[in-house]
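I opened this notebook to record what I looked up in one structure. The entries follow the order in which I consulted it.

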Amino acid sequence: MVFYFKVRPEAGDYTIFMGLDKYENEDLIKYGFPEDIWFHVDKMSSAHVYVRLNKGQTMDDMSEGLLEDCAQLVKANSIQGNKVNNIDVVYTPWYNLKKTPSMDVGQVGFHNPKLVRTIKVEKRINEIVNRLNKTKVERKPDLKAEREAVSAAERAERKAQLRDKKRREEMERLEKEKQADIRSYKGLMVQEKMTSNKQIASGSKTLQELEEDFM
C-alpha cells in the first residue's frame, strides 16, 4: 500500500507519497525515479516520504511551501519525531540512496553525503498536516511495472532521438556533397570557357589578313 497526498496548490502540481510500512519502503527505494526526492526525520524512526519533481528539476527548484509540506508530513509520520519540537528532516535525491545487503529492511545510507540537505522543523503545524491528510489516497501500485514502463518509454525516446540525429547528419552530408559537386561543376565550366575563348582568339584572322584575302 502506498499513500498519496497533494501539496498546496500554490506550490505546483506535485504529489507526495509514502509506503505503508518498511516493506513498501524497500520497493520505493528499489523502483524510484531520478526525479524523486526522499525525506526522513534525522536520527529518528519515521516514514520514508517522497515527492516527485518534474523532469529536469532538482532540489534547488523546490519552493519553501513544497519543502514545508514534505517536512510536516514526515514529522507527523514519526512516532518519536511527532512528539518533540525542533527536529531535523533530511532530504536527498532518490538516486543518492544507498542500499547494501547488510542493511535491515527499510534502512538506507547515502552515496554522497554532500547531496543530503537538512531542514529544521520547529513544531507540528496541524493546519498543514490536516490539509494534506484530506487529499490522502491509498493505492496498491505495481512499482516495478511502473518503473519498467517508464524506462522502456525513455529507451524508445532515446532511440528515436538517435535516429533523428543520424538522419540529420546524413542529410547534412549529402548536402555538403551536393554543394561540393556544384562548386566543382562551376569550376569546370569556367575552365572550359576560358579554353574556348583562347581557341577562338588563336583561330581568328586579323583585319589585315582578311583584307589581304579579299585583294
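The entries below concern a predicted model and deal with its sheet, two buried residues and two helices.

**Entry 1. The sheet**

I first traced how the strands are arranged. I found 7 strands in an open sheet, ordered β8-β5-β3-β4-β2-β1-β9, with antiparallel pairing. I then looked at the edges, where β8 (117–121) and β9 (137–139) stand; each has a single partner strand, so one side of each lacks a neighbour in the sheet. For the twist, I noted that neighbouring strands are turned by 25° against each other on average, direction ignored.

**Entry 2. H40 in β3**

I next went to strand β3, which spans residues 36–41 and contains H40. Is H40 buried or exposed? I recorded a relative accessible area of 13% for H40, and because the cut-off for buried is under 20%, H40 counts as buried. I then checked the pairing of this strand: β3 runs antiparallel to β5 (residues 87–93), and 5 bridges join the two. Within β5, V90 is the bridge partner of H40. V90 also appears in the contact list of H40, together with S45, S46, A47, H48, V74, D88 and V89; residues up to four places away in sequence are not counted there.

**Entry 3. E35 before β3**

I moved to the loop between α1 (22–30) and β3, where E35 is found. The relative accessibility of E35 is 13%, and I therefore entered E35 as buried. Which residues does E35 touch, leaving out those up to four places away in sequence? I listed V51, R52, L53, N54 and K55.

**Entry 4. Helix α2 over the sheet**

I looked up which strands α2 lies across, and noted β1, β2, β3, β4 (49–52), β5 and β8. Relative to β3, α2 runs at about 45°.

**Entry 5. Helix α3**

I turned last to α3 (residues 126–134), whose buried residues are I128, V129 and L132. Why do these lie on the same side of α3? I found that they cover an arc of only 95° around the axis, which puts them on one and the same side. As background I noted that an α-helix has 3.6 residues a turn, so residues three or four places apart point the same way. On the other side of α3, I recorded E127 and K134 as exposed. Finally, I asked what the buried residues of α3 pack against. I entered three elements, namely β1 (2–6), β2 (15–19) and α2 (64–76).

Methods:
Residues numbered from 1 in each chain as written. Predicted model: local features only at pLDDT ≥ 70, side-chain atom pairs only at ≥ 80, totals over all residues. Heavy atoms only, no water. Buried < 20%, exposed > 50% of the residue type's maximum accessible area, 1.4 Å probe, protein only. Helix = DSSP H or I, 4+ residues; strand = E, 2+ residues; numbered from the N terminus. Arc of directions from axis to C-beta. Contact = heavy atoms within 4.5 Å. Pairing = 2+ DSSP bridges. Axes fitted to C-alpha atoms, helices over the stretch in contact; angles between N-to-C directions.
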